[in-house]
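Me: I've got a model open and I keep tripping over the labels people put on it. Can we go through them one by one, with the cut-offs?

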Amino acid sequence: MTEPFYGAADGTPVTHEVVVHVVVAQEPPVPLPAELRYDPTDPYAVCLALGGASTGTVDWVFARDLLSEGLSRPAGVGDVLVIPRHEGHRHSVRIVVRSTAGAAALDLAASAVTAFLAHTDRVVPPGTEGLHIDLDRVVAELMAGSE
């Protein structure tokens with residue numbers, strides 16, 4: 001299940017509601033509400049927000065390129081891996097998130113990820129991310145933390 005996109009080519013954030021299926025060994029997958037988010041002020045990153053308003057969310061921020069690459073071949077090293085699914089799950093992509101507390105395997109519809117990325121590409125075309133970074137704001141934020 002997916003919901004309409006929010007955001008447009010005017011630089012507003014893109015939000016796409018999705019359902020992820022949490023995969024647990026020897027158990028049926030558990031559906032969980034989630035959002036894919038993209039903010040053009042952080043043009044290299046996407047966010048996968050797990051959970052809902054009533055339970056709070058857990059946000060995983062990782063490279064937009066990683067999500068895109070993971071649609072066609074395994075991608076990522078470290079905390080986030082994105083893997084295209086084949087055997088029996090041809091129309092999904094698996095995102096594995098890891099932390100010191102453990103790991104989780106999450107399956108999403110590949111069509112939802114593809115549509116989300118297409119929308120982010122319209123907002124900030126790949127290769128133009130550097131044009132969307134406000135360096136003065138970044139420096140001000142870094143300097144504010146040093147006082």
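Reply: Sure, starting with helix α2: Ala110, Ala112, Val113, Phe116, Leu117, His119, Thr120 and Val123 are its buried residues. Buried means under 20% relative accessible area, exposed over 50%, and partly exposed in between, with a 1.4 Å probe and protein chains only. One caveat up front: this is a predicted model, where local features need pLDDT of at least 70 and side-chain atom pairs count only at pLDDT 80 or more, while totals for chains, interfaces and linings use all residues. Residues are numbered from 1 along each chain as its sequence is written, and side-chain values use heavy atoms, with hydrogens and water left out.

Me: What covers the buried residues of α2?

Reply: The cover includes β1, β2, β3, α1 (64-69), β6 and β7. α2 also packs on the sheet, touching β1 (14-23), β2, β3, β6 and β7. Contact here means heavy atoms within 4.5 Å. The direction of α2 makes about 155 degrees with that of β1; axes are lines fitted to C-alpha atoms, for helices over the stretch in contact, and angles run from 0 to 180 degrees between N-to-C directions.

Me: What makes α2 a helix, and how does its reach compare with the span expected at 1.5 Å a residue?

Reply: Helices (H or I, at least four residues) and strands (E, at least two) are DSSP runs, numbered from the N terminus. α2 has 14 residues, so the minimum of four is met. The expected span is 1.5 Å times one less than the number of residues. From first C-alpha to last, α2 reaches 20 Å, close to the 20 Å expected.

Me: Which elements does the chain have, and in what order do they run?

Reply: There are three helices and seven strands, running β-β-β-β-α-β-β-β-α-α from the N terminus on.

Me: Why are β6 and β7 called paired?

Reply: Two strands pair if DSSP finds at least two bridges between them. Strand β6 (residues 92-99) and strand β7 (residues 102-109) have eight bridges, in the antiparallel sense, so they pass that test. Val97 stands opposite Ala104 in β7.

Me: What about β3, how many bridges does it make with β2 and with β4?

Reply: β3 (residues 45-52) pairs with β2 (residues 30-38) over four bridges, antiparallel, and with β4 (residues 56-63) over eight, also antiparallel. Ala34 stands opposite Leu50 in β3, and Leu48 faces Trp60 in β4. The β2–β3 hairpin has six residues between its strands, while the β3–β4 hairpin has three. As for cover, eight of the eight residues of β3 are buried.

Me: And how are β1 and β2 joined?

Reply: By nine bridges, running antiparallel. Val22 has Val30 in β2 as its bridge partner. Their hairpin has six residues between the strands, and Gln26 in the turn has a positive phi of about 65 degrees.

Me: Why do β4 and β5 count as edges?

Reply: The seven strands form an open sheet in the order β4-β3-β2-β1-β7-β6-β5, with antiparallel pairing. β4 and β5 (80-84) each have a single partner strand, so one side of each is left without a neighbour in the sheet. Neighbouring strands are turned by 30 degrees against each other on average, direction ignored.

Me: What makes something a nonpolar core, and how many residues has the largest one?

Reply: It's a set of buried Ala, Val, Leu, Ile, Met, Phe, Trp, Tyr and Cys residues joined through side-chain atoms within 4.5 Å. The largest has 27 residues, and Leu48, Phe62, Leu67 and Ile95 have the most contacts inside it. α2 gives the most to this core, with five residues. Leaving aside neighbours within four places in sequence, Leu67 is in contact with residues including Phe62, Ile95 and Phe116.

Me: How do you know whether Val93 is buried or exposed?

Reply: Its relative accessible area is 1%, which is under the 20% limit, so Val93 is buried. Val93 lies in strand β6 and touches, among others, Val82, Leu106 and Val113.

Me: And Thr100, buried or exposed?

Reply: Thr100 has 89% relative accessibility, over the 50% mark, so exposed is the right word. Thr100 sits in the loop between β6 and β7, with its C-alpha 9.5 Å from that of Asp79.
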